[in-house]
Amino acid sequence: MIINIVNADLEKPVSKFVNILFILLMAIPMAAQVDTSSVYTDTVDALTVVPTIEYTMQRKTYEIAGISVTGADSYEDFVLIGFSGLAVGDKIEVPGDQITKSLKRFWKQGLFSDVKFKATKIEGDKIWLEIALKQRPRVSDIAYNGLRKSEQEDLEVKVGIQKGGQMTPDLADRAKKIVKGYLDEKGFYNAEIQVLQFNDQDHPGYVKVAINIDKKDKIRVGRLYITGNEALSHNKINQVMKKTNDNHIINLFQTKKFVANEFENDKKLVIEKYNEIGYRDAVILADSVVPSKEDSTRVDVYMTIDEGNKYFFRDITWVGNTVYPYEYLNAVLGIKKGDTYNLKELNKRLNEDDDAVAKLYTDQGYLFFSVDPVEVHIDNDSIDFEMRMYEGKPATINEINIVGNTRVYEHVVRRELYTKPGQLYSQSDIMRSLRELAQMGHFDQEKLVPDIQPNPEDGTVDITYQLETKSSDQIEFSLGWGATGLVGSLGLKFTNFAIQNLFNPKSYRIVPQGEGQTFSINARTNGVYYTSASISFLEPWLGGKRPNSLSANIFFASQTGYSDRYYKAYENLYNNYYYNYNYYGQSDYYQQLQESEADPDKYLRTFGVSIGYGKRLSWPDDYFSFYGELSYQLYMLKDWPYMILTDGNSHNFALNLQLSRSSIDNPIYTRRGSQFTIGLKITPPYSLIKGTTDAQYAQMTTSEKYNLLEYHKWRFSGKVFTPLTPDSKLILMTRAEFGYLGHYNKNAKSPFETFYMGGDGMSSYSSYSTEYISMRGYQSGSLTPYDPAVGRNMGYVYNKFTMELRYPISLEQNATIWALAFVEAGNCFADIKDYNPFNLKRSAGVGVRLFLPMFGLMGIDWGWGFDPINGSKQYGGSQFHFVLGQEL
């Protein structure tokens with residue numbers, strides 16, 4: 001340290017006293033970024049005599065009498081002083097290490113372009129210090145040049161340069177690396193990036209940052225050259241390499257841009273593929289990427305492979321097993337002596353598959369189970385394995401915690417769980433619990449993840465179900481066009497209803513909630529011709545202890561017919577069109593007449609009630625359930641020309657029985673599992689009980705014949721969901737349906753409960769007398785056959801087969817969207833004697849589905865019907881179908 005002294009009383013200018021500066025130089029070696037050549041430099045009071053201090057002299061200890069900060073207006077002084085590690089009252093050596101360490105602290109942050117410590121005054125053993133800082137500039141604006149908007153938005157988040165933040169050299173270098181890496185992933189391997197700074201003239205201390213990017217041409221893979229491969233063909237290796245594919249027609253829909261990181265991953269995939277077919281020693285001896293001679297925007301990839309020998313499994317022994325004998329473990333493993341060596345398949349059979357060896361143990365409580373396959377002997381092309389197992393002790397469930405449930409009472413969630421405190425741990429029970437939670441519909445199915453915390457010390461495990469609540473209540477409001485004009489509907493569905501809380505105002509959110517019951521109310525009308533209303537209730541856990549359901553439903557519908565004047569006007573319109581061709585202006589008149597000529601003395605009214613009881617079964621397995629329902633419907637008709645029964649009342653007392661099995665994992669976007677249902681709906685056989693003869697039937701009026709409806713109705717439906725990709729996104733759904741409406745007496749075939757097939761399967765009106773069956777690619781009801789016995793289109797038998805590919809677009813909680821492509825085949829028949837399972841109408845098409853928690857399932861399909869109906873193709877061809885609240 002050198003300190004210069006000046007005395008104000010000396011008149012002669014002396015060169016060594018000209019500058020009144022205190023320059024404190026640090027000679028201790030530091031990092032390259034630390035400037036230690038000038039530690040202290042400042043003017044001292046002219047009357048103060050300060051001794052000259054150099055680094056060659058002995059160190060002297062001073063007490064810090066004061067610390068000030070200059071040049072850092074953006075920070076509070078006390079913050080910087082505290083950060084320096086120095087404080088008033090501290091004793092420091094001059095020269096010494098304390099100042100050097102403090103300097104390093106400031107330089108390490110990178111927020112300052114210059115850091116100096118100055119001595120403003122020295123008196124005796126006291127010293128006054130000044131921390132002189134020069135801040136790096138702040139960013140006033142950022143410009144990305146040479147990028148698309150979407151690319152800029154991606155990089156803005158990653159780069160980390162923000163307006164108002166300080167700009168440092170490290171930040172600029174980091175930005176270049178991030179942009180370079182981002183463009184490399186997109187195939188712009190030769191991109192050039194510059195990060196430039198310009199002083200902002202309007203804002204001193206600020207700079208404008210420009211990130212200039214010249215992406216150059218995208219680098220793509222030209223040709224893939226492989227040598228040394230015999231067991232795997234060139235095309236097979238090309239398919240295995242997911243990203244580095246050559247420019248070949250088979251890779252038309254695969255990415256062919258060159259990305260170095262993806263190339264490294266693809267090489268690993270090639271070796272893994274060789275291992276799967278027994279070549280455990282396969283290696284890539286050399287690889288290179290060179291510019292293509294044919295195209296400057298492409299590179300050719302060369303690989304030399306040494307496949308090695310092909311190996312086979314020989315003897316497999318088990319060590320440490322006490323729960324299961326080795327014979328049973330070998331059977332579960334499914335790998336036999338002489339099978340091709342495949343370490344990937346071995347690990348899957350040990351730990352990953354749904355029926356893996358590990359699953360045997362984890363389902364019996366052995367949470368701490370592990371198995372390590374070890375190669376113990378290699379003889380030529382054969383390998384002996386020893387399965388070294390640690391079974392441990394069975395783990396008992398200690399605590400079951402539920403986190404994130406803000407919608408239903410906790411006991412409603414807990415009753416759905418298959419895991420209970422005190423039980424042995426079971427992986428299958430956890431997976432089944434997740435399925436049941438998903439089926440409730442109150443939680444986001446995509447985020448159902450259990451947190452399993454084992455406690456090896458005491459052999460217990462804590463399980464936490466982390467839930468994210470979503471609303472599953474639905475509002476339906478729709479407008480449609482029916483035969484008599486505009487039809488509007490309004491429906492409310494509450495899936496967390498609590499009838500127990502009717503008199504508990506605190507539980508109300510529109511209706512009392514909390515118990516997971518379902519309450520629905522629906523109304524539909526077009527004002528004059530049609531009105532319907534229904535109310536339904538479902539208690540899924542009757543009594544709260546067993547999963548036995550109770551359901552109830554009541555409904556009413558009324559349809560009004562047209563007046564005689566309307567039919568006469570329609571007849572005149574028909575004659576004018578076909579005979580006189582005087583159609584102009586007639587259609588408007590016909591439409592106005594249609595909307596105004598309702599006749600209240602012509603109607604079909606339906607009233608119905610039902611009550612049902614469901615029970616979850618434990619045999620054959622606990623995916624089975626049984627449902628029984630008693631129902632009554634009263635059909636009241638007056639001068640109704642659209643059915644064989646035109647006047648009178650018809651009573652429908654029926655027992656509905658259903659046996660179902662459902663193992664689907666998700667009720668909205670299902671990835672795996674199946675649903676099968678077989679049902680029978682029967683009425684008492686009145687004609688058999690009474691012994692009514694054909695002669696007696698011949699003398700009856702239609703009102704007398706159908707006063708008490710009798711039939712037996714059989715239904716079967718089955719759906720299977722199969723994931724086609726490892727990520728379980730692309731799903732194949734296959735479905736088969738069959739329905740048959742039978743009779744006890746051929747003279748009393750029911751005109752109600754028949755099938756109406758074709759179109760979207762939805763009616764503009766809610767008809768309780770006909771079951772609508774969808775068949776995409778054909779007009780509504782066009783596949784319903786004409787029954788000459790009754791002179792009406794009525795279907796008594798149908799079957800349908802569907803294959804549908806589904807792929808999700810969004811699986812977010814607020815909107816689940818997926819696209820689909822389908823092929824269908826089906827038909828409807830007037831009698832079981834006419835049924836032919838090979839006489840099917842075919843169609844194919846595409847569609848999209850949207851599930852909104854508030855509104856339920858919606859969608860649109862386009863289908864093409866390939867086959868004529870009754871010799872005419874006008875009912876098929878191109879057809880659009882709308883979906884609202886149901887699957888097609």
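**Loops, sheets and a packed helix in a predicted model**

Asparagine 380 is exposed, with a relative accessible area of 67%. In this model, which is predicted, asparagine 380 lies in the loop between strand E15 (370–379) and strand E16 (382–390), and its phi is positive, at about 55 degrees, although the residue is not a glycine. A positive phi is also found at isoleucine 510, which is not a glycine either and whose angle is about 75 degrees. Isoleucine 510 sits in the loop between strand E22 (508–509) and strand E23 (511–512), and with a relative accessibility of 74% this residue counts as exposed. Another loop, the one between strand E27 (598–616) and strand E28 (624–638), holds proline 620, and the peptide bond that leads from tryptophan 619 to proline 620 is cis, with omega near 0 degrees.

The chain as a whole may be described next. It has 888 residues, of which 44% count as buried, and it contains 16 helices and 41 strands. Among the contacts in the chain with a separation of 6 or more, 62% are made by residues 24 or more positions apart. The chain exposes about 45,800 Å², and carbon and sulfur atoms supply 53% of this area.

The two strands that flank asparagine 380, E15 and E16, belong to an open sheet of three strands, in which the order is E14-E16-E15 and the pairing is mixed. Strand E14 (312–319) and E15 form the edges of this sheet, since each of them pairs on one side only, and the twist from one strand to the next averages 25 degrees. E15 and E16 pair in the antiparallel sense over nine bridges, and proline 373 stands opposite methionine 387 in E16. Two helices lie across strands of this sheet. Helix H7 (residues 326–333) lies across E14 and E16 and runs at about 135 degrees to E14, whereas helix H8 (residues 343–352) lies across E14, E15 and E16 and runs at about 155 degrees to E15.

A further open sheet of three strands has the order E11-E13-E12, again with mixed pairing. Its edge strands are strand E11 (220–227) and strand E12 (283–291), each of which pairs on one side only, and neighbouring strands are turned against each other by 20 degrees on average when direction is ignored. Within this sheet, E12 pairs with strand E13 (residues 298–306) in the antiparallel sense over eight bridges, and isoleucine 284 stands opposite isoleucine 305 in E13. Helix H6 (residues 260–276) packs on the sheet, where it touches E12 and E13, and the direction of H6 makes about 145 degrees with that of E12.

H6 can be followed in finer detail. This helix has 17 residues and reaches 25 Å from its first C-alpha to its last, which is close to the 24 Å expected at 1.5 Å a residue. The buried residues of H6 are Phe263, Asp266, Lys267, Val270, Ile271 and Tyr274. Because these residues cover an arc of only 140 degrees around the axis, they are placed on the same side of H6. On the other side of the helix, Asn261 and Lys268 are exposed. The buried residues of H6 pack against helix H5 (234–240), E12 and E13, and two of these partners, E12 and E13, are the strands that H6 touches in packing on the sheet. H6 is followed by glycine 278, at which phi is positive and near 100 degrees.

Pairing in the antiparallel sense recurs later in the chain. Strand E30 (residues 673–682) pairs in this sense with strand E31 (residues 712–723) over ten bridges, and the bridge partner of threonine 677 in E31 is serine 717. E31 also pairs with strand E32 (residues 731–742), in the antiparallel sense and over twelve bridges, and here proline 723 stands opposite isoleucine 731 in E32. In general, the strands of a sheet pair through backbone hydrogen bonds, either parallel or antiparallel.

Key:
Residues are numbered from 1 along each chain as its sequence is written. This is a predicted model: local features need pLDDT of at least 70, side-chain atom pairs count only at pLDDT 80 or more; totals for chains, interfaces and linings use all residues. Side-chain values use heavy atoms; hydrogens and water are left out. Two strands pair if DSSP finds at least two bridges between them. Helices (H or I, at least four residues) and strands (E, at least two) are DSSP runs, numbered from the N terminus. Axes are lines fitted to C-alpha atoms, for helices over the stretch in contact, and angles run from 0 to 180 degrees between N-to-C directions. Contact means heavy atoms within 4.5 Å. The expected span of a helix is 1.5 Å times one less than its number of residues. Buried means under 20% relative accessible area, exposed over 50%, partly exposed in between (1.4 Å probe, protein chains only). The arc is that of the directions from the helix axis to the C-beta atoms. Accessible areas come from the Shrake-Rupley method with a 1.4 Å probe; for residues, only the protein chains shown count as cover.
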